[in-house]
Every structure is written in structure tokens, then in C-alpha cells.
Amino acid sequence: MFTCTDWLALHGLSESRVKDVISAFYAGKIDYPLPFISTDKEMPSVSDFISKKLPSQEICYKTIVVPALAAAFDNESKEQHLLCNHVELLSLSNSEEAPCTVCQGSGRSPGILMDWNGRAEDLLCLAHEAAHALQILLSEHELMPPVARETCAFIGELLLLDYVKVHLPHLHAALLDVWNSENSFYLGDCVDVLIDALNHSGVSYHYYQNYPLARLAAVQMFSYANSQSVSRLFSGGQGAMSYLPIDEMASFAAEIENPLPVFPIPDNEQPVVDAYRSLGAMALLDIESWRNASCQRIESYYLGLLKNLQARTAFIALDSDMKPVGYTTWIESSTENNLLLICQTALPNQRLNLQRTLEQHIRTTKGVDASYTRNAAKEMLVW
Ligand SMILES: [Zn+2]
């Protein structure tokens, strides 16, 4: 089975560097999203645009996507020639399948497989797939690690947004709307999949775990890199990971500090004081983690947590400086060895570690091995 360890090795990444990137992202240390804010008040609304279909796929490809992608390269005519003459536009055989770009071998044109309905999301998808095709051609069909190849594709989407903003401003709002809405998948659900894989060595590889690093790296490269580094990445083949700003993004994690005070040493003589201290720490964690707890009545918030503390169904995780980083509450189900998590709250950069610390706590105090399924992750409130 292909696991997270294989995935890390394939990309030349370490677990701690990937975790640092996620922590830095959660803590808001990585610049994101792009400043694609329109100031043009005359721009038609998204619904106006959606009611009008785009021209055919071929026209959009040749007149919008090709010039948008080629503009990123010094030698535009070479990339234009490759995109116009060495890429095949194909339809999906089954509309249930996801769009993709296939390398058909050296000397043959890569094929873009997707359905075209003339919508804004189709145009963004076409730019994504065309960037895959260009990366295959410029890398001379050498296989690129998935995170690097998805970074190329996401750069393609950003190039389209940039091109449209200047040359076809009436399309910009609708495309930006799609791009923003897709972030909730690439930097939401897909981060969950990546965290699951990092925390559970037995979870098998899923392609989604490539998207978060690629999405963030694309934004960084698009914002700060020059055309030479974009060109090096697209032609980088197997070695393309060395052109991604993973280290830079991971280094932002060093700037994150835990703002909470040190948790007092428990005092067995004064359990009531201990309970108040725990309640205080939980309230501070709810405030710092932006969990929407303030809408609850103080009485029910306080009584609910107190009940968990008395039943020993609450756990506060501390960092190495003994400062709180997250807490969890659960109920013990009547089924043997089964705990149902009610709430998990963690500081933005600590979500990654809370689940693992909780599993260790449950294993040592209850002698129960926390079982893990991906479906269970859906029940968690903050992941
Ligand atoms: Zn892709």
C-alpha cells in the first residue's frame, strides 16, 4: 500500500516541514488569498455572466487560455506553439469522471479530457488542465511529483485570472468567484485528508493530499517569483520539487507564539480550584480558536463543560511550555470501547496535534486504542 511515508519520500519532504506549512497557514502567516479585488463598480454581477454562455471550448482555449499561460514565459511564442499544436482537447467518456490531462507518451500530444458547458468553472478548469499539458511538454514527458504538477496547474489558474482581469474584465468577477469557492475544497477538505495521512501511518494515500501544499505554493510563486522560476518549475520533471517555496512557507511557522498563559500544576488538595482553572483554560481556547462558543448562554456553557470535567470526559492538551493548545470533550457510548467526540477546539496552528495527543491520552488513561476511520473525521467540529 502506498502510504504517507512513501508520499513524503517521493516529494523529498519531511513530516515536520509539511506540518509547519499547515501550522503557518492556519495561523494566517502565509499570504493568502491573492489581492484580486476588483474596484470596477461597472462590472456585471456573477449571475449576469452565468446567464451568458462562453463561446466554444476551442475558441476559449486559443483566444484566452493559450495567451494567458504563454504570458508567464520569456519566450512566449514557444509555449504558444506547444499549446496550439501539441495538445489534444478530448471529451470524457463518462460525465461522472473528473477532468484530467493524460500524458500519452513521448512524441505524442498530451490529452485534456473534460466536458465543456461554457461556464466560468469550465474555463478555469481548462486553464488548470492546459497548464498540466504544458508542464508535460516542457518536462519532455518526465513524470513530475504530484505536488509540483498541481502547483503548475494552479499557477495556470492564476495566470488566467490575471489575463482576464486586464483583457476581459467582464469575466473576471465570475472566475474569481469560482476560484475563491474552490479554496474551501483545496484548503479545507483536502487539508483534512493531509492531516489524517500525517497523523495515521496506516491511512492509504489519497490524491487530495497533494492539493494544499500545491495551492499555497502556487499563490506564493505567482505573487513573488519571476518568469524564470516559473519556467524552471514547468520544465523541472522529477526534480521540480526543488523549485517550490516549501521551506519558505514552513519557516513562517517559527513566528507563531502561543498567546495563552502557562497552565498551573494540578493541586489534588483543591479539586474545585483545579476545575475552575480548567474551565478558564477552555474558555480562553474557545476565544483564541474563534470557535463560535460565545453565542451559548454562560450557564449552559459552564454547566456543560463542568459535567465533562466531573465525568473525566474532557482533556486539555498542553505544549512543551505547559501552555494549553486545545481541548476535547466526549461522551462514552454504551457500546464497549466507543467514545463519541462532542467538541474539539485547538489554537489555529495546533489542530494538527490535538487529535494525536488525545489518542495517546485515551490509550493511557482508558486502555482503549482510539480507532480511526475517515468518516469519524467528519464528526469533528474544527478539523
Ligand atoms: Zn490537476
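**Exercise 1. What percentage of the 383 residues of the protein count as buried?**

Start with the whole chain, and keep in mind that this is a predicted model. Solution, step by step:

- Of the 383 residues, 48% count as buried.
- The secondary structure comprises 15 helices and six strands.
- The protein exposes about 19100 Å², and 52% of that comes from carbon and sulfur atoms.
- Among contacts with a separation of 6 or more, 68% join residues 24 or more positions apart.

**Exercise 2. Work out how helices α4 and α5 are oriented to each other, then describe their contact.**

- Locate the two helices: α4 covers residues 57-70 and α5 covers residues 76-85.
- Take the geometry next. The axes lie 9 Å apart and the helices pack at an angle of about 140 degrees.
- Now classify the angle. Angles over 145 degrees count as roughly antiparallel and those from 65 to 115 as roughly perpendicular; α4 and α5 are therefore oblique to each other.
- Add the handedness: α4 and α5 make a right-handed crossing.
- List the partners. From α4 come Tyr61, Val66, Pro67, Leu69 and Ala70, and they meet Glu76, Glu79, Gln80, Leu83 and Cys84 of α5.
- Sort these residues by class: seven are nonpolar, one is polar and two are charged.

**Exercise 3. Do the same for helices α6 and α8.**

- Locate them first: α6 spans residues 120-138, and α8 spans residues 169-199.
- Their axes are 9 Å apart, and the packing angle is about 70 degrees.
- That angle makes α6 roughly perpendicular to α8, as the class runs from 65 to 115 degrees.
- On the α6 side you will find Ala120, Glu121, Leu123 and Leu124; these meet Leu171, Ala174, Leu175, Val178, Trp179 and Glu182 in α8.
- The class count for this contact is eight nonpolar residues, two charged and no polar ones.

**Exercise 4. Is His128 buried or exposed, and which residues does His128 touch?**

- Place the residue first: His128 sits in helix α6, one of the two helices from the previous exercise.
- Check the accessibility. The relative value for His128 is 7%, and the cut-off for buried is under 20%, so His128 counts as buried.
- Finally, look for neighbors. Leaving out residues up to four places away in sequence, His128 touches Glu150, Ala153, Phe154 and Glu157.

Note on methods
Residues numbered from 1 in each chain as written. Predicted model: local features only at pLDDT ≥ 70, side-chain atom pairs only at ≥ 80, totals over all residues. Heavy atoms only, no water. Axes fitted to C-alpha atoms, helices over the stretch in contact; angles between N-to-C directions. Helix = DSSP H or I, 4+ residues; strand = E, 2+ residues; numbered from the N terminus. Parallel < 35°, antiparallel > 145°, perpendicular 65-115°, else oblique. Left-handed = near helix turned anticlockwise from the far one by under 90°. Contact = heavy atoms within 4.5 Å. Nonpolar A, V, L, I, M, F, W, Y, C, P; charged D, E, K, R; others polar. Buried < 20%, exposed > 50% of the residue type's maximum accessible area, 1.4 Å probe, protein only. Areas by Shrake-Rupley, 256 points an atom, 1.4 Å probe, with all protein chains shown as cover.
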